[in-house]
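Hi there,

Here is the structure I promised to pass on to you. Please open it next to this email, and then read on for what I found in it.

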Amino acid sequence: MIRDGSVFLRDLESDSLRQLWRPSESVSNLSFSADGLAIHFRDGQRWLRMELESGLAIPVADLRMSDAPHSASDNTLEPHQLRLFETLERERRRRQQRFEEAVEDARVDSSRGPAPWYLGDSHQIVTSSLSSDGRWLLAVVEKSDAGEGKTDRMPQFVTRSGYVEVEDVRTLVGRDAPAPQSLWLLDLETRSRQEIDLSTLQGRDQDPLTELKKKQQIEPYDSDNPRPVRITGIEWHPKLARSAIQVRAIDNKDRWTLIVEAESASTEEIHRLNDPAWINWAFNEFGWVPNSEIIWLLSEQSGYSHLYTREVDGEILQRTSGNFEVFDVRFSANGWEAWMITNRTHPIEYDVYWLGMNSGELARLSELGGVEEFRILPGSNDLLIRHSSSYTPSQAIVMDIKTGTLQAPTDTRTEHYKSIDWQQPMFVGIPSTHGVLAPIWSKFYPARGDQPGSPRPAVLFVHGAGYTQNTHQKFPYYFREQMFHNLLTERGYHVLDMDYRASRGYGRAWRTAIYRQMGTPELEDLIDGVDWLVNNHNVDPERIGVYGGSYGGFMTFMALFNAPETFAAGAALRPVTDWVHYNHGYTSNILNTPEVDPEAYRRSSPIEFAENLEGHLLISHGMLDDNVFYKDSVRLAQRLIELKKRNWELASYPLEPHGYEQPESWLDQYRRILKLFETTIGASR
């Protein structure tokens, strides 16, 4: 294991813990050798093999991304200098001789450690992975001058120095796309290097954005200029000189899984996942089924994340199926069984399931409903499960796989916390009126105050991130908001928290409904939620509020600007106002880039619709937010000023990042939100 940057070995029989290595840089890529007698790990750009019995650490590779001291440089004056001055030439030859001797000494005597391997300064190593036999190294590289796009800047006004300090932060979408990557195969025995050929990946020579690019007079990719790619995963076989790798197109429309044979440096494409919208950033697990030459992977190709295997004969088998998601897959040592987390029983319930690889039987093991993570104790029938519930944060429990017995549960809640009468959410499926067959799963917190017969106000909370799930039986990421919902219901408000289209847990179609139209399907779902409240829970349609942070702040704007007849008041917290100013990795997946798809940005950015504001608006933003920049709110404020809009305010928090850290800031923000609702749609209006 790696803990605090150091390498430790735990003996499972004696439960003893032994520190093996204290790093000079950062340790990563820890794995056992093929013979099981040693571990391999990376310390900076050095790879080491540590013998478990003796604790002796033997370097196996020392990679240097620079030219060798004795090699010719790009300096055109160097040959002239070496010709004129014999001393310089003699020193160059001496360095070359010492280097060649070090290489030969390491070849005949492994205890000496390898001589540095100078790979030139034209590229930089992003990551590397060592084969189980310690001979082969796959290195992911990109050009050294990559990532030179212009960054934005963030001023800090309240500082220890008393002066304004300015920090360089991220680039904007389309201004610095991820750098193309290549894959090098290094033979540590012969010290030879070969680039793995990725040019034949199926569909790489076809540009899915061709039509959009033609409209903007941008040249699309083709066979002469194929789409650039990045390597997103490397998994060596534990016994063979063979690796499975995953590669993605930079436009994120394709994901390929390949086998690399080290001896021949050849590749075989075994799976392609194509998505006209974008490849999910979740559900990309893959690896080798233990004790076999079978590769397993997760894919959304059926519409949901499911487990597939690539058999030895090349056949792809779908091992799970249905309208549910599968992830966190773990296999038994013999490869005959697998365990995973799924929401098979209900979209909001997550539990551990068992899969028989031969029988195909998928059986539910736990019935906790809120499983977050699990681990298998090697050599036993026990699972260690981390789980939670609506008002119980993450706890641990041990489960016997064979009997289902639960034991050793933890409970970290204080007695005071447990004594509070927290309001449990009602899980409801709200019908869609927009051609969506599945219900919109939501949390409903009914008003608790006395108000018999009178129509009630309602507040919709909109979760952040877009692609996350907040309607589930686990402890919510938005636990502060849930406590605030308790306050609102005590004051007579109904509160509704919806997993609108774009949310996680409901399959690919739900996830990608927002492609090129962020804010449109989500708003349709929110309005369906309002109608459900009005028709079923005596809500006054003139007294509807909405609030949320980050993506939820963005959606608050879209609600107030594009449905002013429905929403009377809203609080937009740390909100995106213009997607042109957000980051590349997230935004380009959903809206492509501003140069290629300007219309998608116009229809998806609240600042384009600010003239429609009629209700009351609170904007709240931390000024040290390096995720959604504070300038997003400042730019919208200027737009509202120029539009001569009333009934809005901007609350700024000079020392807060995207997620607030100071309790005083949280308190101030929620006081303002409560005041907004109380004075516009509540009893005090």
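Strand 24 (residues 337-342) and strand 25 run antiparallel to each other and are joined by 6 bridges. One pair to look for is Trp339, which sits opposite Trp354 in strand 25. Before you go further, please keep in mind that this is a predicted model.

Strand 25 also has a partner in strand 26 (residues 362-364): the two are antiparallel and share 3 bridges. Here Leu355 has Leu362 of strand 26 as its bridge partner. Strands 25 and 26 form a hairpin with 5 residues between the strands, and Gly360 in this hairpin has a positive phi near 80°.

How many of the residues in strand 25 (residues 351-356) are buried? The count is 6 of 6, so the strand is mostly covered, where buried means under 20% relative accessible area. Asp351, Tyr353 and Leu355 point one way from the strand, while Val352, Trp354 and Gly356 point the other way, and all of them are buried.

Next, have a look at an open sheet. It has 5 strands in the order 4-5-6-7-8, and the pairing is mixed. Its edges are strand 4 (27-32) and strand 8 (117-118), each of which pairs on one side only. Within this order, strand 5 (residues 38-43) and strand 6 (residues 46-51) are antiparallel, with 6 bridges between them. Ala38 faces Glu51 of strand 6.

Now for the charged side chains. Side chains of opposite charge can pair when their charged atoms come close. In this model there are 46 salt bridges. One of them joins Glu595 to Arg175, with 3.1 Å between the closest N and O atoms. This salt bridge links distant parts of the chain, as the two residues are 420 residues apart. Glu595 is in the loop between helix 9 (584-591) and helix 10 (598-604), and Arg175 is in the loop between strand 12 and strand 13 (182-187). Glu595 counts as partly exposed because its relative accessibility is 32%, and Arg175 is partly exposed too, because its relative accessible area is 46%.

Are Lys213 and Asp207 buried or exposed? Both Lys213 and Asp207 are buried, and their side chains meet in a salt bridge with an N to O distance of 2.7 Å.

A further salt bridge is the one between Arg448 and Glu490, where the closest N and O atoms are 3.1 Å apart. Arg448 belongs to the loop between strand 32 (440-445) and strand 33 (456-461), and Glu490 belongs to helix 5 (residues 479-490), so this pair ties together parts that are 42 residues apart in sequence. With a relative accessible area of 29%, Arg448 is partly exposed; Glu490 is partly exposed as well, at 48%. There is also a network to find: Glu86, Glu89, Arg90, Arg92 and Arg93 are joined by salt bridges that share partners.

The surface has two patches to show you. Asp205, Glu219, Asp222 and Asp224 come together in a patch of negative charge. Asp224 is in the loop between helix 3 (210-215) and strand 15 (229-236). Why does Asp224 count as exposed? Its relative accessibility is 74%, and the cut-off for exposed is over 50%.

The other patch is nonpolar. Phe157, Val158, Val164, Val166 and Leu655 make up this surface patch of about 440 Å². You will find Phe157 in the loop between strand 11 (153-156) and strand 12 (165-168). Phe157 is partly exposed because its relative accessible area is 48%.

Finally, please look at two asparagines. Asn538 is not a glycine, and yet its phi is positive, at about 55°. Asn538 sits in the loop between helix 7 (520-536) and strand 35 (539-549), and it counts as partly exposed at 39% relative accessibility. Asn592 also has a positive phi without being a glycine, at about 60°. The loop between helix 9 and helix 10 holds Asn592. Is Asn592 buried or exposed? Asn592 counts as buried, because its relative accessibility is 3%.

Enjoy exploring, and write back with any questions.

Best wishes

Terms used:
Residues numbered from 1 in each chain as written. Predicted model: local features only at pLDDT ≥ 70, side-chain atom pairs only at ≥ 80, totals over all residues. Heavy atoms only, no water. Patch = residues over 30% accessible without salt bridge, like charges linked within 9 Å, V, L, I, M, F, W, Y side chains within 5 Å. Areas by Shrake-Rupley, 256 points an atom, 1.4 Å probe, with all protein chains shown as cover. Salt bridge = Lys/Arg side-chain N within 4 Å of Asp/Glu carboxyl O. Lys, Arg positive; Asp, Glu negative; His and termini not counted. Charge placed at Lys NZ, Arg CZ, Asp CG, Glu CD. Helix = DSSP H or I, 4+ residues; strand = E, 2+ residues; numbered from the N terminus. Buried < 20%, exposed > 50% of the residue type's maximum accessible area, 1.4 Å probe, protein only. Pairing = 2+ DSSP bridges.
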